[in-house]
Every structure is written in structure tokens, then in C-alpha cells.
Amino acid sequence: MKKTISFLIVVLFGISVLLAGCGNQEPVQSDKPEQELSVSSQEAENTESESSEEENSEMKMNVNVNGQDFTATLENNSAVAALVQMMENGSITLQLDDYAGFEKVGPLGQSLPASDSQTTTQAGDIVLYQGNQIVMFYGSNSWSYTKLGRIDDLTGWEEALGSGDVTATLSMKE
């Protein structure tokens, strides 16, 4: 009986030591303080908000080709900034000639800052060629261009450009 009581005392003592040790443990610390974690959450929300604003703040341009209206989303580069400045003074009317059965090209009347890079265009792309020519694609080509924008909805685009020369008017979307 003494052995059983001694055994129970040892077991109870061991359990009490274990329980006392569990109560004294400090909480696990993150590498970042709590304040820093909340700032990170705010930064994440701000980044998401800024991304949404950037998507919503895309610049749009009206493109009228032979009486049919289209909307283009503009790139963010110095050529586009100069083109937008031109359009702020009024719409720009271009006479575009058919070239090679996949694009219409015409003089802008002044040079824009070019940042040409090798590009494979697709139908709907609008680019700057040689700094002073606007090119609108209804097919594909690979060349060195400065991308200006892209038609958002290509429904009727190829038909509007049609065969032969066309008149296009560019203006800012309000």
C-alpha cells in the first residue's frame, strides 16, 4: 500500500509540474509585431484598391472609321501622352491608305516621341510608325513600332476598315 501511495504521489507531482509548466509558457511570437501585421493588412488593401483604380483609370479613345464608332484602350507611354495632348485641342482626322492587306497607315501631321520595339501586332492594334505615322491593324504583322492602343471590341472592325483607303477620326473618350 505504501508503494501505491508513493506511486500516486509521484504521478500527481509529475502532473502538477507539467500543468504548471504549460501555464507559464509565453505566447508564440511572430517575426512581425502586431502593429506591423496590421499595417501589412492595410498595405494589401491599399494595393488592391490602387490596382482597381488603375484598371478604372485606363485612358480610352474614340476611333471613328468611315462613320463606325469604336473604343480603344490607350497604352501608358510618352507617345500616347503627346497624342492625348493633341486630342485635347480637338479631334484628329487621318486619311489612311491600305497597305499589304492587313493594315491602314497614314500621316499624323507631326512627330510623337517614339519608343519602338519589335512587336507582333494583331487585329485591333493601333501603333505609331516612324514617329509620325498612325497604323491601324485588321491583320497581323511583325515590325518595330510604338504601341498606342488597342480596339476594345473588334466586332465590325475589319469591315469598317474595308478595302481601300479610309478616313479615321480620333478623340478622347469622355
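## Helix 3, its surroundings and two buried polar residues

The N-terminal end of helix 3 is capped by asparagine 77, one of whose side-chain oxygens lies 3.2 Å from the backbone nitrogen of alanine 79. This is a predicted model, and the description below moves from helix 3 to the nonpolar cores, then to strand 7 and the polar contacts around it.

Helix 3 spans residues 78-88, and its buried residues are Ala79, Val80, Ala82, Leu83, Val84, Met86 and Met87. Their cover includes strand 1 (60-65), strand 2 (68-74), strand 3 (92-99), strand 6, strand 8 (142-151) and strand 9 (166-172). After helix 3 comes glycine 90, which has a positive phi near 135°.

The chain as a whole contains four helices and nine strands, arranged along the sequence in the pattern α-α-β-β-α-β-β-β-β-β-β-α-β. Of its 174 residues, 29% count as buried, and the chain exposes about 11,400 Å², of which carbon and sulfur atoms supply 50%. Among contacts with a separation of 6 or more, 62% join residues that are 24 or more positions apart.

The largest nonpolar core has 31 residues, and those touching the most other members are Met61, Val63, Val65, Ile126, Met136 and Trp157. Helix 3 gives this core its largest share, seven residues. Methionine 61, leaving out residues up to four places away in sequence, touches a set of residues that includes Leu83 and Met87, together with Phe70, Leu74, Ile126 and Leu170. A second core, separate from this one, is made of six residues, including Val105, Val127, Val135 and Phe137.

Strand 7 (residues 133-137) is mostly covered, five of its five residues being buried. Gln133, Val135 and Phe137 lie on one side and Ile134 and Met136 on the other, and both faces are covered. Strand 7 pairs in the antiparallel sense with strand 4 (residues 103-107) over five bridges, where proline 107 has glutamine 133 as its bridge partner. Strand 7 also pairs with strand 6 in the antiparallel sense, over four bridges, and here valine 127 stands opposite valine 135. Strands 6 and 7 form a hairpin with three residues between them, and in the turn glutamine 130 has a positive phi of about 55°.

Two polar residues in strands 6 and 8 deserve separate treatment. Aspartate 125 lies in strand 6 (residues 125-129), and with a relative accessible area of 5% it is buried, because buried means under 20%. Beyond its neighbours up to four places away in sequence, aspartate 125 touches Val135, Met136, Phe137, Lys147, Gly149 and Arg150. Its C-alpha atom is separated by 9.6 Å from that of glutamate 103, which is 22 residues apart from it along the chain.

Threonine 146 is placed in strand 8 and, at 1% relative accessibility, also counts as buried. Leaving aside neighbours within four places in sequence, the contacts of threonine 146 include Asn77 and Ala79, as well as Asp116, Val127 and Leu128. The side-chain polar contacts of aspartate 125 and threonine 146 are set out below.

| Side chain | Partner side chain | Polar contact distance |
|---|---|---|
| Aspartate 125 | Lysine 147 | 3.5 Å |
| Aspartate 125 | Arginine 150 | 2.9 Å |
| Threonine 146 | Aspartate 116 | 2.6 Å |

Threonine 146 thus leads back to the starting point, since both the capping residue asparagine 77 and alanine 79 are among its contacts.

Technical notes:
Residues are numbered from 1 along each chain as its sequence is written. This is a predicted model: local features need pLDDT of at least 70, side-chain atom pairs count only at pLDDT 80 or more; totals for chains, interfaces and linings use all residues. Side-chain values use heavy atoms; hydrogens and water are left out. Buried means under 20% relative accessible area, exposed over 50%, partly exposed in between (1.4 Å probe, protein chains only). Contact means heavy atoms within 4.5 Å. A polar contact is a pair of N or O atoms within 3.5 Å; within protein, one must be able to donate a hydrogen and the other to accept it, and residues adjacent in sequence count only if both atoms are side-chain atoms. Accessible areas come from the Shrake-Rupley method with a 1.4 Å probe; for residues, only the protein chains shown count as cover. A nonpolar core is a set of buried Ala, Val, Leu, Ile, Met, Phe, Trp, Tyr and Cys residues joined through side-chain atoms within 4.5 Å. Two strands pair if DSSP finds at least two bridges between them.
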